[in-house]
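Dear colleague,

I am passing on the structure below, together with some notes on what was found in it. Please read them with the model open beside you.

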Amino acid sequence: MYYKINTYGCQMNVHESEKLAGMLEEMGYVSTVNDEEADVFVFNTCCIRDNAEDRLSGNLGAIKKICMADRTKIVAVVGCMTQQKGVAEKLRKSYPYVDIVLGTSNLVELKQAIEVAKRRKKYVSIKPATMDASLELPIARTSYPNAWVNIMYGCNNFCTYCIVPYVRGRERSRDMASIVADCEKLIKEGYKEITLLGQNVDSYGSDLEGVTFADLLERIASIEGKFRIRFMTSHPKDINQRTVDVIAKYKNICNNVHLPVQSGSTKVLEEMNRKYTREDYLKIINALREAMPDVGITTDIMVGFPTETEEDYLETLSLVKEVRFSNAFTFVYSPRNGTPAAKMEQIDDEIKKRRVVELIALQNSITKEISDEYEGKVKEILVEDVNPKYEGTVCGRTECGRLVTFAGSPDMIGRFVNVKITRSQSASLFGEVEE
Ligand code: 5AD
Ligand code: SF4
């Protein structure tokens, strides 16, 4: 018996798919990448932009023939997209071979849903997105030497463009003791990197008594052993000096912060309900660089938000030039049903496209310049994987999050090695292991 999971969207989904896989493996299913072989298909969906939804339609369409020909195959569509109004109904009409639909808080029901589907009955269960019952699930981890650890679920921020608070519900922090226990166990098991996950990690603990994200970081950083800590995503309105100081103080907390700016225009930021100004953002960047001169800062930027004028957009470009992000994820604003921004006057698609192309070109040239500065330097790399693009090589990241490829073999995965950077190619670095 085989399963195949297709995951769309963010790291949160990647990790939730590890929990779905954990349940399937407990039931005796084994992972496959082959559609013909799979007995159970799971689509763990994303609805943050329309292209994620389009990809799901394409992939569901692609298995139609196989599933219609063999009605013992079970198809489950789960996660964010299913929480949206009308989606379950649309799936039922357009994809009759979908047997199971589970909401973001219903993933834990996968086992019973499969039992029902085996009897050729539909199983649809979508709770309002308030609770995650998925905390105690078995996890089939797929990202050694990294382990993802949820520290909180949901989001309270209601940025006006964003669907996340509607499909994942309000912010719920996990209890600190159970997060620390998870991390201790993972490190004992040999994991070398812990990545803490939350929509807004800086507000961790705001619903608990007397704990903050900085406290949690300190506590995890004090666990015995050689390992790295990463975390995502940070929010400019909530990151504070104490958190910056804690990241700087502990060697095992990576000097790498993902801090979405979204726009360089204070006016647009206000329309987005981001609750910081351009100046606030630049101050945080200064504080980070003062505490950690080598910090790697990455960001998310959106163009074409309603009301974004050419001047606003030029402010985004000027902020990108000023900050010099080590990398930026760039997006074209995509209206999401039910969010306030979807009801505002929209910007022409052609303008959006031109803006994103220019923004990407600017960021690429900055990324390349920063890459060039690495040449000749020796960096500690945690070997993560083989690099399938180049035979006989492995790859891993610097503390700041840069990917480096060098000659090596799979047995090096999970080891820390010093690598001299010899060459750069846009965002990628190449090097040689130093004895
Ligand atoms: N359109 C385009 N990009 C979006 N993001 C969130 N919502 C939207 C949307 N409606 C981007 C933001 C966020 C990242 C995860 O996705 O930049 O930080
Ligand atoms: Fe969406 Fe804003 Fe919450 Fe991030 S902080 S998940 S962009 S609402």
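A good place to begin is ligand 1, where a nitrogen atom of the ligand is 3.0 Å from a polar backbone atom of tyrosine 161; a polar contact here is a pair of N or O atoms within 3.5 Å, and within protein one must be able to donate a hydrogen and the other to accept it, with residues adjacent in sequence counting only if both atoms are side-chain atoms. The protein covers 87% of the 410 Å² of accessible area that ligand 1 has on its own (Shrake-Rupley method, 1.4 Å probe; for residues, only the protein chains shown count as cover).

Before going further, please note that this is a predicted model, in which local features need pLDDT of at least 70 and side-chain atom pairs count only at pLDDT 80 or more, while totals for chains, interfaces and linings use all residues. Residues are numbered from 1 along each chain as its sequence is written, chains are lettered from A and ligands numbered from 1 in the order in which they are written, and side-chain values use heavy atoms, with hydrogens and water left out.

Two side chains also approach ligand 1: a polar side-chain atom of arginine 49 lies 2.8 Å from an oxygen atom of the ligand, and an N or O atom in the side chain of aspartate 300 is 2.6 Å from an oxygen atom of the ligand. The residues around ligand 1 (those with a heavy atom within 4 Å of it) include Ile48, Gln262, Phe331 and Arg336, and the shell divides into six nonpolar, two polar and three charged residues. For these classes, Ala, Val, Leu, Ile, Met, Phe, Trp, Tyr, Cys and Pro count as nonpolar, Asp, Glu, Lys and Arg as charged, and the others, Gly among them, as polar. Strands β13 (296–303) and β14 (327–332) each supply at least two residues of this shell; helices (H or I, at least four residues) and strands (E, at least two) are DSSP runs, numbered from the N terminus.

Ligand 2 is surrounded by residues among them Cys155, Cys159, Cys162 and Tyr161, and its shell has seven nonpolar, three polar and one charged residues. Another residue around ligand 2 is Phe158, which has a positive phi of about 45° although it is not a glycine, and which is found in the loop between β8 (152–153) and α6 (164–168).

Two cis peptide bonds also deserve a look. One joins tyrosine 144 and proline 145, with omega about 10°, and proline 145 is placed in the loop between β6 and β7 (146–150). Another joins methionine 232 and threonine 233, again with omega about 10°, and threonine 233 lies in the loop between β11 (228–232) and α9 (241–249).

As for the sheets, an open one of six strands has the order β2-β1-β3-β4-β5-β6 with parallel pairing (two strands pair if DSSP finds at least two bridges between them), and its edge strands are β2 (30–31) and β6 (123–125), each pairing on one side only. Within that sheet, β3 (residues 40–45) and β4 (residues 74–79) are joined in the parallel sense over six bridges, with asparagine 44 opposite valine 78.

Elsewhere, five strands close into a barrel in the order β15-β16-β17-β19-β18, with mixed pairing. In the barrel, β15 (residues 378–386) and β16 (residues 393–397) run antiparallel and are joined by four bridges, and leucine 382 stands opposite arginine 397.

With best wishes
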